[in-house]
Amino acid sequence: PRPIGQLSKGFRQRVGLAQAILHQPRLLILDEPTLGLDPTQIVEVRRLIRRLAERATVLFSTHILSEVEALCDRVIILMNGQIRADARLSELATTPDAVLVLSEVPAGAEQALRKMPGVKGVMATRTADGYTAYRVLGEPSDGQDLTPAIYELARAQGWPLRELRRDVRTLESVFNELATTV
């Protein structure tokens, strides 16, 4: 047998986790539970955490936002000791913004979008495949889905619609937004 210090980090983590759950606690606090594990071990630990969450409250701390998205229903974001967000992941992802992609740029499209009720701004960019994409920023207090109205405008104007969808924020974009606002 090898001394415990010579065992792999993944093995030591699994032994530590086994020790923590041995007595079936009602609250389990984990710090970076998948850090340093290989992809197979990560899948196993995620599966275990999901099973544990059926019978106990599992609180875990991590900087790996994809882990949060893969495992959590609710997130609390702390920055400089202050709670900056405390919500269900589905609530954080919801945004009133929409994305409109057109095959060609019709004259006056951006101005027409800006004049729509509930729109606070429009940002035009190019997609990787060369199309024009408009991110239509909705009023957060309004919270309405702008896509039906944008579709009606595009149809009425005869715009060459390629894509229209409600924008969804990732946890990373929410985190970055919080980090850059005071």
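**Notebook: strand β7 and its surroundings**

I started with Thr132, which I count as buried because its relative accessibility is 5%, under the 20% cut-off. A reminder to myself: this is a predicted model.

**Entry 1: Thr132**

I placed Thr132 in strand β7. Opposite Thr132 I found Leu102. Next I looked at the side chain of Thr132, and it makes a polar contact with the side chain of Arg126 at 2.7 Å. I then listed what Thr132 touches beyond four places in sequence: Leu100, Val101, Leu102, Val105, Thr125 and Arg126.

**Entry 2: the strand itself**

Strand β7 covers residues 132–138, and I noted that 6 of its 7 residues are buried. What does β7 pair with? I found strand β5 (residues 98–102), joined to β7 by 5 bridges and running antiparallel. I also found strand β6 (residues 119–126), which is antiparallel to β7 over 7 bridges. For the β6 pairing I wrote down two bridge partners: Gly121 goes with Leu137, and Ala124 goes with Tyr134. Between β6 and β7 the hairpin has 5 residues, and there I spotted Gly130 with a positive phi near 90°.

**Entry 3: the sheet**

In which order do the strands of the sheet lie? I read the order as β6-β7-β5-β8, an open sheet of 4 strands with antiparallel pairing. At the edges I have β6 and β8 (161–166), each pairing on one side only. I looked up the twist too: neighbouring strands are turned by 15° against each other on average, direction ignored. Then I turned to helix α6 (residues 147–157), which packs on the sheet and touches β5, β7 and β8. The direction of α6 makes about 165° with that of β8.

**Entry 4: the core**

I went on to the largest nonpolar core, which has 15 residues. Which of them have the most contacts inside it? My list reads Leu100, Leu113, Tyr134, Val136, Ile150 and Trp159. I noted that β5, α5 (109–114), β6, β7 and α6 each supply at least two residues of this core. I picked Val136 for a closer look and left aside its neighbours within four places in sequence. Val136 is in contact with Asp97, Ala98, Leu113, Val119, Gly121, Leu146 and Ile150.

**Entry 5: helix α7**

I moved to helix α7 (residues 171–180), where the buried residues are Leu171, Val174 and Leu178. Seen down the axis of α7, these buried residues fall within an arc of 60°, so I put them down as lining one face of the helix. On the other side of α7 I found Glu172 and Thr180 exposed. What do the buried residues of α7 pack against? I have α3 (65–71), β3, β4 and α4 (89–93).

**Entry 6: Gly81**

Last, I visited Gly81, in the loop between β3 (74–79) and β4 (82–88). Is Gly81 buried or exposed? I count Gly81 as exposed because its relative accessibility is 69%, over the 50% cut-off. I also checked Gly81 against Ala156: the two are 75 residues apart in sequence and 51 Å apart in space, C-alpha to C-alpha.

Definitions and conventions. Residues are numbered from 1 along each chain as its sequence is written. This is a predicted model: local features need pLDDT of at least 70, side-chain atom pairs count only at pLDDT 80 or more; totals for chains, interfaces and linings use all residues. Side-chain values use heavy atoms; hydrogens and water are left out. Buried means under 20% relative accessible area, exposed over 50%, partly exposed in between (1.4 Å probe, protein chains only). Two strands pair if DSSP finds at least two bridges between them. A polar contact is a pair of N or O atoms within 3.5 Å; within protein, one must be able to donate a hydrogen and the other to accept it, and residues adjacent in sequence count only if both atoms are side-chain atoms. Contact means heavy atoms within 4.5 Å. Axes are lines fitted to C-alpha atoms, for helices over the stretch in contact, and angles run from 0 to 180 degrees between N-to-C directions. The arc is that of the directions from the helix axis to the C-beta atoms. A nonpolar core is a set of buried Ala, Val, Leu, Ile, Met, Phe, Trp, Tyr and Cys residues joined through side-chain atoms within 4.5 Å.
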